[in-house]
Amino acid sequence: IIAMVAGGVAVFALPKLKEAEKKSAKTGCQVVRQAAMTWQSSNTGCPTISQLYESKDLDPGQKADDPWAQPYQITCVDDLVVVSSSGPDKKKGTADDIQIPEAAAGTQP
């Protein structure tokens, strides 16, 4: 009986956990993107996560990794800063990738 109850809970809880991880990754991308744009206001080029921590544009409490323990990627194209996560499959360039801004034309997450 306990195994049946646990199995039933898992069926309902697992999709919620996966959705929460995706939301967390989107929020992380947004925070890192804002820090990168702040960094660019007084520097040239595209920052690394390390530079954002060193310059204190990124709070030391902010994780540099997504919920799947992969580092956030920062890409700068002209004036556009794109921050991405490889998503749950941990493979760059697949359908589950997360990118902020979501519709960044001409960029690959």
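Analyst: Two residues are in contact when heavy atoms of theirs lie within 4.5 Å. This is a predicted model, and in its chain, among contacts between residues at least 6 apart in sequence, 39% join residues at least 24 apart.

User: What pattern does the chain follow along the sequence?

Analyst: Read along the sequence, the order is α-α-β-β-β, made up of 2 helices and 3 strands. Helix α1 takes in residues 2-40, and α2 covers 49-54. Strand β1 spans residues 73-77, β2 spans 80-85, and β3 spans 98-100.

User: How do I read the radius of gyration of the chain?

Analyst: Set it beside the value for a compact globule of 109 residues, which would be near 13 Å; the chain has 17 Å. The box filled by the C-alpha atoms, taken along the principal axes, is roughly 60 × 30 × 15 Å.

User: What share of the residues counts as buried?

Analyst: The cut-off for buried is under 20% relative accessible area. Of the 109 residues of the chain, 28% count as buried. The area exposed by the chain is about 7,000 Å², with carbon and sulfur atoms supplying 57% of it.

User: Take one residue, then. Is Trp39 buried or exposed?

Analyst: Trp39 belongs to helix α1. Because its relative accessible area is 6%, Trp39 counts as buried. Residues up to four places away in sequence are not counted in its contacts; beyond them, Trp39 touches Thr44, Gly45, Cys46, Pro47, Gln51, Leu52, Ser55 and Asp57. In addition, the C-alpha atoms of Trp39 and Leu58 lie 9.0 Å apart, with the two positions 19 residues apart in sequence.

User: How far apart in space are Thr38 and Thr94?

Analyst: Their C-alpha atoms are separated by 29 Å, and the two residues are 56 apart along the chain. Thr38 is also found in helix α1. With a relative accessible area of 35%, Thr38 is partly exposed.

User: And which residues does Thr75 contact?

Analyst: Leaving aside neighbours within four places in sequence, Thr75 is in contact with Cys46, Leu80, Val81 and Val82. Thr75 sits in strand β1. Its relative accessible area of 28% makes Thr75 partly exposed. From Thr75 to Arg33, 42 residues away along the chain, the C-alpha distance is 9.6 Å.

User: What is the nearest side chain of opposite charge to Arg33?

Analyst: For a salt bridge, a side-chain nitrogen of Lys or Arg must be within 4 Å of a carboxyl oxygen of Asp or Glu. Arg33 is buried yet has no salt bridge, and the nearest side chain of opposite charge is Asp79, 11 Å away. Arg33 lies in helix α1. Apart from neighbours within four places in sequence, its contacts are Leu80, Val81, Val83, Ile100 and Pro101.

User: How many salt bridges does a search of the whole structure find?

Analyst: It finds 1 salt bridge. Glu102 pairs with Lys26, their closest N and O atoms being 3.7 Å apart. The pair links distant parts of the chain, 76 residues apart: Glu102 is in the segment after β3, and Lys26 is in helix α1. Glu102 is exposed, at a relative accessible area of 58%, whereas Lys26, at 37%, is partly exposed.

User: How many positive and negative side chains does the chain have?

Analyst: There are 11 positive and 13 negative side chains, and the centres of the two sets lie 7 Å apart.

User: Now the backbone. Is the peptide bond from Ile100 to Pro101 cis or trans?

Analyst: That bond is cis, with omega near -5°. Pro101 lies in the segment after β3. Both Ile100 and Pro101 also appear among the contacts of Arg33.

User: What is the phi of Lys56, and what is that of Lys90?

Analyst: For Lys56, phi is about 65°, a positive value although the residue is not a glycine. Lys90 is likewise other than glycine, and its phi is positive, near 60°.

User: Where do Lys56 and Lys90 lie?

Analyst: Lys56 is in the loop between α2 and β1, while Lys90 is in the loop between β2 and β3. The cut-off for exposed is over 50% relative accessible area. Lys56 has 71% relative accessibility and therefore counts as exposed; Lys90, with 45%, is partly exposed.

Definitions and conventions: Residues numbered from 1 in each chain as written. Predicted model: local features only at pLDDT ≥ 70, side-chain atom pairs only at ≥ 80, totals over all residues. Heavy atoms only, no water. Helix = DSSP H or I, 4+ residues; strand = E, 2+ residues; numbered from the N terminus. Rg over C-alpha atoms; globule rule 2.2 N^0.38 Å. Buried < 20%, exposed > 50% of the residue type's maximum accessible area, 1.4 Å probe, protein only. Areas by Shrake-Rupley, 256 points an atom, 1.4 Å probe, with all protein chains shown as cover. Lys, Arg positive; Asp, Glu negative; His and termini not counted. Charge placed at Lys NZ, Arg CZ, Asp CG, Glu CD.
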